[in-house]
Amino acid sequence: MNINKIKKIIKENSNTLVIAVLSLMALIIGSFALGFLKALLIVSIIDIIIILTTIKAIPKFKKKESGNIKKEPRNSKQKTKVKKSSKKKMAKSKKKMIIKIIIIFIALCALTVIGIICAFFSSIIKNAPEFDPNKLYSQNSSILYTSTGKEFARLGSQMRENLKYDQIPEVLIDAIIATEDSRFFTHNGVDLPRFLKASIQQLLGIDAGGASTLTMQINKNQFTADATTGKAASTGLAGIKRKFTDVYMAVYKIEPHYSKEDILTFYVNAYYMGGGAYGVEQACLTYFGKNAKDINLAEAAMIAGLFQAPVSYDPYLNPEKTEKRRQTVLNLMERHGYITSEEKEIALKMNVEKIVKEKKTNDNSAYQGFIDTVVKEVYNDLKLDPYDVPMKIYTTLDIEKQDQLNKIMSGENFKWENEVVQAGVAILDSGTSAILAIGNGRNREGAKILNFATDIKNQIGSTAKPLYDYAPGIEYENWSPAKMFADEPYTYTNGPEVNNWDNKFRGLMTMRTALSNSWNIPAIKAFQQNDNANVKKFVTSLGLSPEIDSGKLHEAHAIGGYTGESPLTLANAYAAFANGGYYTKAYSYTKVVLDNNNETHEKKTDRKRVMSAETAYIICDLLKSTAPVALGKYANIGNVVYGAKTGTTNYDDATKRAFHYPDKAVRDL
């Protein structure tokens, strides 16, 4: 196509091109005034109207063409020729009009795409922060306060020892490069082949990883990750914008101004490495008890593996995951030629269990059970981890009660049967449901471990009887403590026999007697006499988690034979009896203040009536009668009025035989 033809096309479609250019200008101006999406919508509607108007003009043009035809010749052959000529002209005009529409559409699409790209990259450049390496190492602690405002713990306080480049061992550099960025020393901040491949695979719905270089990761870690959560956007428009900001910063703000050695030094010093350690040097001291310069291949592979997910691969929390990741690093080192297969095999034999030393007890150990409860609740409410995000947390901890509970759990103030018996304790203020103290287990150390007070779901035995049997009858059926039940041979509805714990029957008795002595048969009868829907409504309003089969609760709930509860959820349900029939979900903090912006989050509690005051009073009175029988030799606890109910779940005979348990062995008490 020569220049003259191009000029001719431009001349013929000058109006079309003007429309396209004006549309682009309107889009750019509108983006600043109204926002991109609104501007694009308005411009698109206007352009569609113009196109439709153009299409409507086609028939008129045909008529005009037809009207210009001179008087038809009488000769039929001439008439046919004129008609054919007219049709050709109309077809040609229609074709031109279609071409114009296509040109308008293509021009608009192209110009819109160009406009979007220009606006996008302009926004990236405009909003990109300056790279300041000093910001890589700033991190405050989260501070926890008791219910009286006294500080009792700090979380995430930095344990950090920074390295210089010549202190980083070559084996660790090799492990990091092989795992995270194999072309680190040759690219300019972006590994373009890897980046393009990952982008294409992501568009096809294939998980290809982020393709971030070490330089991009450093930038993401501090500058483009959310300042409050510490998390970086990875999906949608926010994820794309964050990724290209990392690219821009890596290429234009970091690589031109810092050497590869500087960048590696930033990398090994900046990251949280799990176990409360920040930076590689402190991680090596924490996990191996040695300086980074002294670590071997097996240890370097584990450290290099932590960068991807330091909490998930924390060897104290997830040793199996850590070992799997360590093996991946060794395989990558072999693939990229840093080690031989023989060296890899030797390093594989030195697994995580062998190379990681025992974790030291931290200063928070006396309150770790309560701390874990608070951290979990804050994360569930705010999606922020106090170990990663600095904040002040005002908790409900009663330090005196927690100290006394610790003495019980340790055996100082209570004689445990043996060192095998495990325990979980949750102490609540029955008036508010504030958690005052937590016993997360015996002879256990470490953060974020299984909490026997809050994380388990065990069968609750006879503690279910006030909840599932008698309270619903009082609430919905107007039963009194004097209601009579017959303790006699009995079966569940589907046939199996029900027995009392001593295999005896005692005939007619009142509800008070039945509950005080915890007889099973009256409890089953009470459950059956209640409307099943009422029982379900009652216990779920107390925060309990019954097993629901086809909309109904099975009869074993009557004596606590279901998946179960934790000490916390059970205490929370019982608190409603002592609180006059009001239920508030248990909570461990009242307020959180974020360090970075002083944003305050007050704990929202919902106090609701779940039973009448009369039902709550009667159950409390019944539990006062039950307490001396339930606690036996432990019942005399001074001049205190209290209610109590125990529950026991047993092993079946087959389990006792299989594990050689004595006859008196119980699963849960």
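The following is a conversation between a trainee and a mentor about a predicted model of a protein chain.

Trainee: How many helices and strands are there in the protein chain?

Mentor: Since the model is a predicted one, we describe what was computed from its atoms. The chain has 669 residues, and buried residues make up 42% of them. As for its secondary structure, the count is 23 helices and 19 strands.

Trainee: Which helix gives the most to the largest nonpolar core?

Mentor: In soluble globular proteins, nonpolar side chains tend to be buried together. Here the largest nonpolar core has 55 residues, and Val280, Phe288, Met302 and Ile303 have the most contacts inside it. The helix that gives the most to this core, with 8 residues, spans residues 297–306 and is helix H11.

Trainee: Which residues does Ile303 touch, leaving aside those up to four places away in sequence?

Mentor: Ile303 belongs to the group with the most contacts inside the largest nonpolar core, and a second, separate core of 41 residues includes Ile474, Val535, Leu544 and Met611. When residues up to four places away in sequence are not counted, the residues that Ile303 touches are Leu172, Met273, Val280, Ala283, Cys284, Tyr287 and Phe288.

Trainee: Is Ala523 buried or exposed?

Mentor: Ala523 sits in helix H19, which covers residues 520–529, and it touches Lys465, Asp469, Tyr470, Ala558 and Ile559 when residues up to four places away in sequence are not counted. The C-alpha atoms of Ala523 and Tyr468 are separated by 8.7 Å, although the two residues are 55 residues apart along the chain. Because the relative accessibility of Ala523 is 0%, this residue counts as buried.

Trainee: Which residues form a nonpolar patch on the surface?

Mentor: One member of the patch, Ile102, is found in helix H4, residues 76–127, and with 43% relative accessibility Ile102 counts as partly exposed. Together the residues of the patch have about 390 Å² of accessible area. The patch is formed by Ile98, Ile102, Phe105 and Ile106.

Trainee: In strand S7, which residue is the bridge partner of Val425?

Mentor: Strand S6, residues 425–428, pairs with S7 in the antiparallel sense over 4 bridges. Strand S7, residues 435–439, is mostly covered, since 5 of its 5 residues are buried. Within S7, the bridge partner of Val425 is Gly439.

Trainee: What is the phi of Ser433, in the turn of the hairpin that S6 and S7 form?

Mentor: The two strands of this hairpin have 6 residues between them, and Ser433 lies in the loop between S6 and S7. Ser433 is buried, because its relative accessible area is 2%, and buried means under 20%. Its phi is positive, in a residue other than glycine, and lies near 70°.

Trainee: His660 also has a positive phi although it is not a glycine; is His660 buried or exposed?

Mentor: The phi of His660 is about 60°, and the residue is found in the loop between helix H23 (653–659) and strand S19 (666–668). The relative accessible area of His660 is 71%, and exposed means over 50%. His660 is therefore exposed.

Trainee: How many residues apart in sequence are the parts that Asp381 and Lys603 tie together?

Mentor: Side chains of opposite charge can pair when their charged atoms come close. Asp381 forms a salt bridge with Lys603, the closest N and O atoms being 2.6 Å apart, and salt bridges that share partners join Glu377, Asp381 and Lys603 into one network. Asp381 lies in helix H15 (residues 368–382) and Lys603 in the loop between strand S16 (600–602) and strand S17 (608–609), so the parts tied together are 222 residues apart in sequence.

Trainee: Asp191 and Arg183 also meet in a salt bridge; is Asp191 buried or exposed?

Mentor: The side chains of Asp191 and Arg183 meet at 3.0 Å, N to O, and this is one of the 18 salt bridges in the structure. Arg183 is partly exposed, with a relative accessible area of 38%. Because Asp191 has 2% relative accessibility, Asp191 counts as buried.

Methods:
Residues numbered from 1 in each chain as written. Predicted model: local features only at pLDDT ≥ 70, side-chain atom pairs only at ≥ 80, totals over all residues. Heavy atoms only, no water. Patch = residues over 30% accessible without salt bridge, like charges linked within 9 Å, V, L, I, M, F, W, Y side chains within 5 Å. Areas by Shrake-Rupley, 256 points an atom, 1.4 Å probe, with all protein chains shown as cover. Salt bridge = Lys/Arg side-chain N within 4 Å of Asp/Glu carboxyl O. Buried < 20%, exposed > 50% of the residue type's maximum accessible area, 1.4 Å probe, protein only. Pairing = 2+ DSSP bridges. Core = buried A, V, L, I, M, F, W, Y, C linked by side-chain atoms within 4.5 Å. Contact = heavy atoms within 4.5 Å.
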